[in-house]
Amino acid sequence: MPRSVYIGLLHHPVLDKDGRVITTAVTNLDVHDLARLARTYDLAGCYVIQPLELQSKLVRRLMAYWLEGAGPSYNPTRQQAFERVRLVKTLDEATAEVTAETGGRPRLIATSARPHPGALTFSAVREEIAAGGTWFIIFGTGWGLTPEFLATNPDGVIEPIEPGSDYNHLSVRMAAAIVMDRLLGRS
Ligand code: SAM
(Lines give C-alpha, C1' and ligand atoms only; values in the text may rest on other atoms or scores of the structure.)
Protein backbone atom coordinates (compact mmCIF):
# COMPACT_ATOMS: atom_id res chain seq x y z
CA MET A 1 0.00 0.00 0.00
CA PRO A 2 1.77 3.23 -1.08
CA ARG A 3 2.41 5.90 1.51
CA SER A 4 -0.11 8.75 1.57
CA VAL A 5 2.61 11.09 0.34
CA TYR A 6 2.72 12.76 -3.07
CA ILE A 7 5.40 14.85 -4.72
CA GLY A 8 4.84 17.58 -7.27
CA LEU A 9 7.19 19.14 -9.82
CA LEU A 10 5.96 22.66 -10.49
CA HIS A 11 6.69 24.31 -13.86
CA HIS A 12 4.58 27.41 -13.16
CA PRO A 13 4.78 29.75 -11.34
CA VAL A 14 8.55 29.57 -10.92
CA LEU A 15 11.39 32.10 -11.12
CA ASP A 16 13.88 32.63 -13.91
CA LYS A 17 17.47 33.76 -13.30
CA ASP A 18 16.34 37.42 -13.29
CA GLY A 19 13.61 36.81 -10.74
CA ARG A 20 10.78 36.99 -13.29
CA VAL A 21 7.82 34.61 -12.99
CA ILE A 22 7.90 32.11 -15.82
CA THR A 23 6.77 28.69 -16.98
CA THR A 24 9.63 26.26 -17.51
CA ALA A 25 9.92 23.52 -20.08
CA VAL A 26 9.86 19.94 -18.88
CA THR A 27 13.23 18.26 -18.45
CA ASN A 28 12.92 14.64 -19.49
CA LEU A 29 15.39 13.55 -16.79
CA ASP A 30 13.33 15.28 -14.08
CA VAL A 31 10.33 13.12 -14.95
CA HIS A 32 12.37 9.92 -15.00
CA ASP A 33 14.17 10.62 -11.75
CA LEU A 34 11.15 11.85 -9.80
CA ALA A 35 9.15 8.87 -11.05
CA ARG A 36 11.91 6.56 -9.80
CA LEU A 37 12.02 8.46 -6.52
CA ALA A 38 8.26 8.10 -6.11
CA ARG A 39 8.41 4.34 -6.73
CA THR A 40 11.51 3.88 -4.56
CA TYR A 41 9.89 5.54 -1.53
CA ASP A 42 6.51 4.01 -2.46
CA LEU A 43 4.78 7.38 -2.79
CA ALA A 44 1.17 7.51 -3.89
CA GLY A 45 1.95 9.75 -6.85
CA CYS A 46 4.38 12.03 -8.64
CA TYR A 47 2.65 15.01 -10.23
CA VAL A 48 4.18 16.77 -13.21
CA ILE A 49 2.46 20.16 -13.09
CA GLN A 50 2.74 21.78 -16.51
CA PRO A 51 0.21 24.27 -17.98
CA LEU A 52 1.68 24.45 -21.51
CA GLU A 53 -0.06 22.11 -23.96
CA LEU A 54 3.03 21.53 -26.11
CA GLN A 55 5.05 20.55 -23.06
CA SER A 56 2.23 18.36 -21.78
CA LYS A 57 2.25 16.56 -25.13
CA LEU A 58 5.92 15.70 -24.56
CA VAL A 59 5.16 14.30 -21.13
CA ARG A 60 2.23 12.27 -22.46
CA ARG A 61 4.51 10.81 -25.15
CA LEU A 62 7.12 9.93 -22.55
CA MET A 63 4.50 8.29 -20.33
CA ALA A 64 3.01 6.38 -23.26
CA TYR A 65 6.42 5.01 -24.23
CA TRP A 66 7.21 3.74 -20.71
CA LEU A 67 3.70 2.53 -19.88
CA GLU A 68 2.46 0.99 -23.15
CA GLY A 69 5.15 1.27 -25.83
CA ALA A 70 8.46 -0.51 -26.14
CA GLY A 71 9.50 0.70 -22.69
CA PRO A 72 7.93 -1.95 -20.46
CA SER A 73 9.62 -4.86 -22.21
CA TYR A 74 12.94 -3.01 -22.34
CA ASN A 75 12.86 -1.92 -18.70
CA PRO A 76 9.94 -3.14 -16.55
CA THR A 77 11.27 -1.40 -13.45
CA ARG A 78 11.05 1.94 -15.23
CA GLN A 79 7.48 1.09 -16.20
CA GLN A 80 6.73 0.64 -12.48
CA ALA A 81 8.17 4.10 -11.79
CA PHE A 82 6.15 5.73 -14.54
CA GLU A 83 2.96 4.17 -13.13
CA ARG A 84 3.30 6.74 -10.30
CA VAL A 85 3.46 9.71 -12.70
CA ARG A 86 0.41 11.95 -13.13
CA LEU A 87 0.26 14.94 -15.48
CA VAL A 88 -1.87 17.99 -14.61
CA LYS A 89 -1.99 21.63 -15.66
CA THR A 90 -2.14 23.23 -12.21
CA LEU A 91 -1.38 22.53 -8.58
CA ASP A 92 -5.05 23.09 -7.78
CA GLU A 93 -5.94 20.28 -10.18
CA ALA A 94 -3.45 17.96 -8.46
CA THR A 95 -4.67 18.93 -4.99
CA ALA A 96 -8.29 18.36 -5.99
CA GLU A 97 -7.42 14.92 -7.38
CA VAL A 98 -5.57 13.93 -4.20
CA THR A 99 -8.41 15.24 -2.04
CA ALA A 100 -10.97 13.21 -3.99
CA GLU A 101 -8.74 10.13 -3.89
CA THR A 102 -7.93 10.24 -0.18
CA GLY A 103 -11.05 11.88 1.22
CA GLY A 104 -9.08 14.75 2.69
CA ARG A 105 -7.10 17.76 1.51
CA PRO A 106 -3.34 17.05 1.60
CA ARG A 107 -0.91 19.12 3.67
CA LEU A 108 1.01 21.15 1.07
CA ILE A 109 4.70 21.47 1.96
CA ALA A 110 6.93 23.58 -0.30
CA THR A 111 10.70 23.41 -0.65
CA SER A 112 13.33 26.02 -1.40
CA ALA A 113 17.09 26.42 -1.35
CA ARG A 114 16.59 29.78 0.36
CA PRO A 115 15.82 30.17 4.08
CA HIS A 116 12.14 30.93 4.73
CA PRO A 117 10.68 32.58 7.87
CA GLY A 118 8.94 29.99 10.04
CA ALA A 119 10.34 27.11 8.00
CA LEU A 120 9.50 23.63 9.24
CA THR A 121 12.34 21.32 10.22
CA PHE A 122 12.87 17.99 8.49
CA SER A 123 12.48 16.15 11.79
CA ALA A 124 9.15 17.84 12.61
CA VAL A 125 7.67 17.08 9.18
CA ARG A 126 9.06 13.51 9.31
CA GLU A 127 7.29 12.93 12.64
CA GLU A 128 4.02 14.42 11.39
CA ILE A 129 4.10 12.30 8.25
CA ALA A 130 4.72 9.20 10.38
CA ALA A 131 1.68 10.17 12.48
CA GLY A 132 -0.56 10.04 9.41
CA GLY A 133 -2.53 12.30 7.08
CA THR A 134 -1.93 13.01 3.41
CA TRP A 135 1.09 15.01 2.34
CA PHE A 136 2.05 16.79 -0.88
CA ILE A 137 5.69 17.91 -1.14
CA ILE A 138 6.18 20.54 -3.85
CA PHE A 139 9.45 21.05 -5.74
CA GLY A 140 10.16 23.90 -8.14
CA THR A 141 12.03 24.14 -11.41
CA GLY A 142 13.99 26.97 -12.93
CA TRP A 143 15.33 29.19 -10.17
CA GLY A 144 12.78 28.01 -7.68
CA LEU A 145 9.29 28.63 -6.35
CA THR A 146 8.20 32.27 -6.25
CA PRO A 147 8.09 34.20 -2.96
CA GLU A 148 4.37 34.82 -3.56
CA PHE A 149 3.78 31.10 -3.98
CA LEU A 150 5.77 30.28 -0.85
CA ALA A 151 3.91 32.93 1.14
CA THR A 152 0.39 31.92 0.10
CA ASN A 153 0.00 28.41 -1.26
CA PRO A 154 1.61 25.86 1.01
CA ASP A 155 0.68 24.91 4.54
CA GLY A 156 4.37 25.16 5.30
CA VAL A 157 7.83 25.51 3.80
CA ILE A 158 10.45 22.99 4.82
CA GLU A 159 13.91 24.20 5.77
CA PRO A 160 16.53 24.20 3.00
CA ILE A 161 19.08 21.43 2.62
CA GLU A 162 22.16 23.12 4.08
CA PRO A 163 25.32 21.93 2.31
CA GLY A 164 27.59 23.88 4.66
CA SER A 165 29.39 25.59 1.81
CA ASP A 166 29.07 28.79 -0.20
CA TYR A 167 27.42 26.94 -3.09
CA ASN A 168 23.82 25.73 -2.91
CA HIS A 169 22.57 24.95 -6.42
CA LEU A 170 21.30 21.40 -6.35
CA SER A 171 19.22 20.18 -9.26
CA VAL A 172 15.61 19.48 -8.37
CA ARG A 173 16.37 15.78 -8.89
CA MET A 174 19.13 15.81 -6.29
CA ALA A 175 17.20 17.98 -3.86
CA ALA A 176 14.05 15.86 -4.11
CA ALA A 177 16.01 12.70 -3.34
CA ILE A 178 17.64 14.22 -0.27
CA VAL A 179 14.38 15.75 1.01
CA MET A 180 12.38 12.54 0.58
CA ASP A 181 15.04 10.42 2.24
CA ARG A 182 15.12 12.76 5.21
CA LEU A 183 11.32 12.56 5.46
CA LEU A 184 10.82 8.86 4.77
CA GLY A 185 14.14 7.04 4.57
CA ARG A 186 15.14 4.35 7.05
CA SER A 187 18.64 5.73 7.70
N1 SAM B 1 17.61 28.78 -5.95
C2 SAM B 1 16.44 27.95 -6.18
C3 SAM B 1 15.62 27.86 -4.89
O4 SAM B 1 15.86 28.67 -4.01
O5 SAM B 1 14.79 26.98 -4.77
C6 SAM B 1 16.90 26.56 -6.61
C7 SAM B 1 16.04 25.97 -7.67
S8 SAM B 1 16.43 24.29 -7.94
C9 SAM B 1 17.12 24.27 -9.52
C10 SAM B 1 14.82 23.63 -8.17
C11 SAM B 1 14.14 23.12 -6.91
O12 SAM B 1 14.94 22.17 -6.24
C13 SAM B 1 13.79 24.16 -5.88
O14 SAM B 1 12.61 24.85 -6.24
C15 SAM B 1 13.57 23.30 -4.66
O16 SAM B 1 12.31 22.64 -4.77
C17 SAM B 1 14.66 22.25 -4.82
N18 SAM B 1 15.89 22.62 -4.14
C19 SAM B 1 17.05 22.97 -4.71
N20 SAM B 1 17.99 23.19 -3.77
C21 SAM B 1 17.41 22.96 -2.57
C22 SAM B 1 17.85 23.03 -1.21
N23 SAM B 1 19.11 23.38 -0.90
N24 SAM B 1 16.96 22.74 -0.24
C25 SAM B 1 15.68 22.38 -0.55
N26 SAM B 1 15.21 22.30 -1.81
C27 SAM B 1 16.05 22.59 -2.80
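**A ligand in the largest pocket**

In this predicted model, an oxygen atom of the ligand lies 3.4 Å from an N or O atom in the side chain of Arg-114. That pair falls within 3.5 Å, so it qualifies as a polar contact. Thr-111 offers another pair: one of its polar side-chain atoms is 2.6 Å from an oxygen atom of the ligand. Ile-161 takes part through its backbone instead. A polar backbone atom of Ile-161 sits 2.9 Å from a nitrogen atom of the ligand. Cover by the protein is the next point. The ligand taken alone exposes 540 Å², and the protein buries 92% of that.

Now widen the view to the shell. The ligand is surrounded by 16 residues. The closest are Thr-111, Gly-140, Trp-143, Ile-161 and Asn-168. Thr-111 and Ile-161 are thus among the closest residues, and each also supplies a polar atom to the contacts above, Thr-111 from its side chain and Ile-161 from its backbone. By class, the shell holds nine nonpolar residues, six polar ones and one charged one.

Next comes the space itself. The ligand takes up the largest pocket. The volume of this pocket is about 650 Å³. Its lining consists of 27 residues, and those closest to the pocket centre are Ala-113, Gly-142, Trp-143, Gly-144 and Leu-170. Trp-143 appears in both settings: it is one of the residues closest to the ligand, and one of those closest to the pocket centre. Which helix gives the most to the lining of the largest pocket? Helix α8, residues 172-184, does, with four residues. The lining as a whole divides into 12 nonpolar, 11 polar and four charged residues.

Two backbone details remain, both in loops. Follow the chain from β1 (3-10) towards β2 (14-15), and the loop between them holds Pro-13. The peptide bond leading from His-12 into Pro-13 is cis, with omega near -5°. Further along, the loop between α1 (28-40) and β4 (43-49) contains Asp-42. Asp-42 is not a glycine, yet its phi is positive, near 50°.

Conventions:
Residues are numbered from 1 along each chain as its sequence is written. This is a predicted model: local features need pLDDT of at least 70, side-chain atom pairs count only at pLDDT 80 or more; totals for chains, interfaces and linings use all residues. Side-chain values use heavy atoms; hydrogens and water are left out. A residue is near a molecule or strand if one of its heavy atoms lies within 4 Å of it. A polar contact is a pair of N or O atoms within 3.5 Å; within protein, one must be able to donate a hydrogen and the other to accept it, and residues adjacent in sequence count only if both atoms are side-chain atoms. Accessible areas come from the Shrake-Rupley method with a 1.4 Å probe; for residues, only the protein chains shown count as cover. On a 1 Å grid over the protein atoms alone, a cavity is a set of points where a 1.4 Å probe fits but cannot get out, and a pocket is an open set with protein on both sides within 12 Å along at least five of seven lines; lining residues have an atom within 4 Å of a point. A molecule sits in a cavity or pocket if more than half of its atoms lie within 2 Å of its grid points. Ala, Val, Leu, Ile, Met, Phe, Trp, Tyr, Cys and Pro count as nonpolar, Asp, Glu, Lys and Arg as charged, and the others, Gly among them, as polar. Grid points are joined across faces, edges and corners, and a volume is the space filled by probe spheres set on the points.
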